Protein chains: 2
Amino acid sequence: MDELLPEPEPLRALIEALRHLPGVGARSARRMAYHLLQHDPAGADLLSRALAGAVHGLRHCARCNGFTEDEVCATCRNPKRDEAVLCVVETPADQNMIESSHGYRGLYYVLMGRLAPLEGVGPGDLQFDRLLARACDGVVREVILATNFTAEGETTAHYLSELLRARGLAVTRLARGVPAGSELEYVDAGTIAWALMERRST
Amino acid sequence: MDELLPEPEPLRALIEALRHLPGVGARSARRMAYHLLQHDPAGADLLSRALAGAVHGLRHCARCNGFTEDEVCATCRNPKRDEAVLCVVETPADQNMIESSHGYRGLYYVLMGRLAPLEGVGPGDLQFDRLLARACDGVVREVILATNFTAEGETTAHYLSELLRARGLAVTRLARGVPAGSELEYVDAGTIAWALMERRST
Ligand SMILES: [Zn+2]
Ligand SMILES: [Zn+2]
């Protein structure tokens with residue numbers, strides 16, 4: 001259908017580019033393009049600038065691997081956090097959820113993913129060497145593995161547990177109060193606070 | 001949840017801006033932002049430029065109201081099209097579908113919407129005066145109303161039919177071969193070709 005109508009190039013390019021968004025196919029990309037051009041050109045302009053600003057203005061925190069504008073993020077720089085405990089999460093969204101439980105005062109390491117052999121995501125893709133260097137700084141005493149309680153998250157936790165314990169660190173996992181098979185982002189803050197309290201050695 | 005973690009400003013701005021996309025809520029905006037930053041920064045850059053290019057490079061065709069880079073679009077400039085017939089559609093996607101039926105050689109007018117009293121969309125919002133001026137150029141003899149066969153599309157067709165017939169134009173509607181209640185974009189090309197052939201006076 002795309003070839004039939006001589007579609008103006010900027011429109012074709014926009015529809016194509018919108019497909020880089022996860023979960024957006026040809027049809028919804030087209031609808032999004034029409035909507036922005038017809039009803040919200042100011043929003044499209046805003047989004048254009050926000051994308052450029054985020055891609056060029058953000059980098060990974062040298063300590064926790066989360067997104068930040070600076071060399072080291074505000075959380076890692078916060079002197080009130082307990083530097084002896086490091087909580088490993090899959091994504092910044094999971095970190096947000098743990099913060100919202102008000103049950104944790106330590107620091108974080110954000111994997112930005114999880115082991116997924118079926119998708120070809122291995123330890124090298126997640127730069128586990130960076131996490132190991134961070135955890136073995138001599139200050140961290142305990143690593144809490146807070147990956148998701150999905151098959152991939154459990155695999156990741158198991159794998160990391162071996163690596164970290166071999167280096168003499170205490171390794172714990174969130175208590176199994178979190179319903180099995182669920183993702184942290186969708187769990188209520190109270191359950192997470194409780195699971196933090198009940199965390200156990202792996 | 002957004003206030004708890006000191007989220008870097010460019011990330012917050014990106015998540016906020018992604019919500020301008022139709023059907024994208026807070027949670028999927030966040031997932032899209034993480035995905036682009038972590039896995040597809042080149043795609044984000046591309047999308048940023050495509051948005052700017054489309055918003056600043058496209059305008060409405062002076063004749064058919066469709067999107068174009070020029071004063072008048074390629075379809076309206078095509079000397080092989082029959083200038084005596086004007087087909088009125090709701091969106092460029094509908095125009096694409098009609099082109100794909102290979103059953104039409106006339107010109108188009110794109111409403112970029114439809115009457116929707118419940119949403120507060122009236123004749124003024126759709127600039128019906130522009131359509132009337134276009135249809136009354138003295139060359140157009142017949143106007144085919146190809147708005148959707150939904151309640152809003154039928155209302156729009158009925159309303160336009162009155163206006164156009166009062167000005168002495170022949171007004172037809174796509175034959176009711178198109179299943180009632182459906183949207184043109186989702187109908188197969190053969191059915192549309194047949195409905196064009198069977199079009200009737202309103
Ligand atoms: Zn950090
Ligand atoms: Zn045109």
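Leaving aside neighbours within four places in sequence, which residues is L164(A) in contact with? That's the subject of the first close-up, and a quick word on the model comes along with it.

**Figure 1. L164(A) and its surroundings.** Keep in mind that this is a predicted model. Chain A comes out with a mean pLDDT of 89, and 94% of its residues reach 70 or more; for the model, ipTM is 0.76 and pTM is 0.76. Where pLDDT is low, the predicted coordinates should not be read in detail. Now to the residue itself: L164(A) is part of helix α7 (residues 151-165) of chain A. Once the neighbours within four places in sequence are set aside, its contacts are L132(A), A135(A), V143(A), L145(A), L169(A) and V171(A). L164(A) counts as buried because its relative accessibility is 0%. As for V187(A), 23 residues away along the chain, its C-alpha atom is separated from that of L164(A) by 27 Å.

**Figure 2. The zinc ion (ligand 1) and its four cysteines in chain A.** Here the zinc ion (ligand 1) is held by the SG atoms of C61(A), C64(A), C73(A) and C76(A), at 2.2 to 2.4 Å. What makes the arrangement tetrahedral is the set of angles, 105 to 117°, that the 4 donor atoms subtend around the zinc ion (ligand 1). For calibration, the ideal angle for four tetrahedral donors is 109.5 degrees. Read along the sequence, the donor residues of the zinc ion (ligand 1) have the spacing C-x2-C-x8-C-x2-C. Two of these donors link distant parts of the chain: C61(A) sits in the loop between β1 (59-60) and β2 (67-68) of chain A, while C76(A), 15 residues apart from it, belongs to helix α4 (residues 74-77) of chain A. How accessible are they? C61(A) is buried, at 0% relative accessibility, and C76(A) is buried too, with a relative accessible area of 8%.

**Figure 3. Residues 61-76 of chain A.** According to UniProt (an unreviewed entry), residues 61-76 of chain A carry the feature "zinc finger region: C4-type". In the model, this stretch of chain A is 19% helix and 12% strand. The C-alpha atoms at the two ends of residues 61-76 are 8 Å apart.

**Figure 4. The zinc ion (ligand 2) in chain B.** Over in chain B, the zinc ion (ligand 2) is coordinated at 2.3 Å by the SG atoms of C61(B), C64(B), C73(B) and C76(B). The site of the zinc ion (ligand 2) is tetrahedral, with angles of 106 to 118° among its 4 donor atoms. Along the chain, the donors of the zinc ion (ligand 2) are spaced C-x2-C-x8-C-x2-C. C64(B) lies in the loop between β1 (59-60) and β2 (67-68) of chain B and C76(B) in helix α4 (residues 74-77) of chain B, so this pair ties together parts 12 residues apart in sequence. C64(B) and C76(B) are both buried.

**Figure 5. L21(A) and L21(B) in the largest nonpolar core.** The largest nonpolar core contains 84 residues, and L21(A) and L21(B) are the ones with the most contacts inside it. Leaving out neighbours within four places in sequence, L21(B) touches residues of both chains: L18(A), L21(A), M32(A), L36(A) and L47(A) from chain A, plus M32(B).

**Figure 6. Helix α5 of chain A and the residue just after it.** Helix α5 (residues 92-100) of chain A is largely enclosed by the rest of the structure, because 9 of its 9 residues are buried. Among them are the polar-lettered D94(A), Q95(A), N96(A), E99(A) and S100(A), along with P92(A) and M97(A). Just after α5(A) comes H102(A), with a positive phi of about 55°.**Figure 7. M112 in both chains.** Most residues other than glycine have a negative phi. M112(A) has a positive phi near 60°, and for M112(B) phi is near 60° as well. M112(A) lies in the loop between β4 (106-110) and α6 (128-135) of chain A, and M112(B) in the loop between β4 (106-110) and α6 (128-135) of chain B. M112(A) is buried, with a relative accessible area of 8%; M112(B) is buried, with 7%.

**Figure 8. G138(A) and A84(A).** G138(A) sits in the loop between α6 and β5 (142-145) of chain A. With 48% relative accessibility, G138(A) counts as partly exposed. G138(A) and A84(A) are 54 residues apart in sequence, and their C-alpha atoms are 8.9 Å apart in space.

Key:
Residues numbered from 1 in each chain as written. Chains lettered and ligands numbered in written order. Predicted model: local features only at pLDDT ≥ 70, side-chain atom pairs only at ≥ 80, totals over all residues. Heavy atoms only, no water. pLDDT = per-residue confidence, 0-100. Donors = N, O, S within 2.8 Å, 3.2 Å for Na, K, Ca; no water. Tetrahedral: all angles 85-135°; square planar, octahedral: opposite > 155°, others 65-115°. Helix = DSSP H or I, 4+ residues; strand = E, 2+ residues; numbered from the N terminus. Buried < 20%, exposed > 50% of the residue type's maximum accessible area, 1.4 Å probe, protein only. Core = buried A, V, L, I, M, F, W, Y, C linked by side-chain atoms within 4.5 Å. Contact = heavy atoms within 4.5 Å. UniProt positions renumbered as here; feature names shortened; annotations may be inferred.
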